[in-house]
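Visitor: Please walk me through this model. I want short answers, with cut-offs.

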Amino acid sequence: IRLRVEQDPSNLYYDTQELRLNTIFGDSWENGGQAITYEIDVDTAGLYQLSFKYRQYLLKDLPVFRRIYVNGSVPYDAFDTVAFPHTMSFINRTMKQDDGTPYYVYLESGVNTITLEAVSHPYKVAIETMKYIMNEIQTLALNIKRYTSGGTDRYRDWDISLYFPEAQNTIKVWANMLDWLYDDLLTIASDDAPSEIANILVSKDRLIDIANNINELPSRMVQ
């Protein structure tokens, strides 16, 4: 975990004369399983709302997810996967239900702990799909290199469709998978065209172009 200086007057630990490490680097606990625990000193036991001041700039137009523990346990099912949307400025986020009703958590008198754990499972399908397609592309590329003996001369004709009859349809299947993946990620995005995943559409279009010109694949492998 790394700290940084934020000269923001709204921060709790802010000083006009000194630089204070008052903010946690978001990219220092972005991997699934990494967590931060805060100790909260409570004067009177009772039910309290939870609010977090945060800035999430790691994924543009997409949220990151955290699991929230109170004194070592997750008090609500909704706290198992809490989305923190993209924002370039610090904002306060109060934990609320879908109808706007705040969640209340019971805190004992004295020291209590609030833990935020990074969770990546909402992106699990996307990650696994991308890894699968990349591995399949690498396998196909190796097989074509064996067929062409590594040749990439753009002026030489190759009959990929003859020696790899399934390649064209397979590449189109990969393109369809990327198209589905993009639509799936749009359901959690805060923008109709999130730049963070724009390359998925670029890759899809390129795969379709390759499939439609399959015999040019060897010469295009060096591009």
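Visitor: Is tyrosine 103 buried or exposed?
Guide: This is a predicted model, where local features need pLDDT of at least 70, side-chain atom pairs count only at pLDDT 80 or more, and totals for chains, interfaces and linings use all residues. Residues are numbered from 1 along each chain as its sequence is written, and side-chain values use heavy atoms, with hydrogens and water left out. Buried means under 20% relative accessible area, exposed over 50%, partly exposed in between (1.4 Å probe, protein chains only). Tyrosine 103 has 13% relative accessibility, so it counts as buried.

Visitor: Where is tyrosine 103 placed?
Guide: Helices (H or I, at least four residues) and strands (E, at least two) are DSSP runs, numbered from the N terminus. Tyrosine 103 sits in the loop between strand S8 (87-94) and strand S9 (104-107).

Visitor: Which residues is tyrosine 103 in contact with, leaving aside neighbours within four places in sequence?
Guide: Contact means heavy atoms within 4.5 Å. By that test, with neighbours within four places in sequence left aside, the partners of tyrosine 103 are Tyr48, Gln49, Leu50, Tyr76, Ala78, Phe79, Met95, Lys96 and Gln97.

Visitor: Is arginine 66 buried or exposed?
Guide: Arginine 66 belongs to strand S6 (residues 64-70). Beyond four places in sequence, its contacts include Trp29, Glu30, Asp80 and Glu117. With a relative accessible area of 8%, arginine 66 is buried.

Visitor: Which helix supplies the largest share of the largest nonpolar core?
Guide: A nonpolar core is a set of buried Ala, Val, Leu, Ile, Met, Phe, Trp, Tyr and Cys residues joined through side-chain atoms within 4.5 Å. The largest one has 27 residues, and Leu140, Ile171, Leu185 and Ile200 have the most contacts inside it. Helix H1 (124-148), helix H3 (167-186) and helix H4 (198-212) each give this core at least two residues. The largest share, eight residues, comes from H3.

Visitor: How many residues are in the other core, the one with Leu50 and Val82?
Guide: That core lies apart from the largest one. Its members include Leu50, Val82, Met95 and Val105, and its residues number 18.

Visitor: What is the radius of gyration of the chain?
Guide: The chain has five helices and ten strands. The globule rule (2.2 Å times the number of residues to the power 0.38, with the radius taken over C-alpha atoms) gives 17 Å for 223 residues. The chain is well over that, so it is more spread out than a compact globule, with a radius of gyration of 25 Å.
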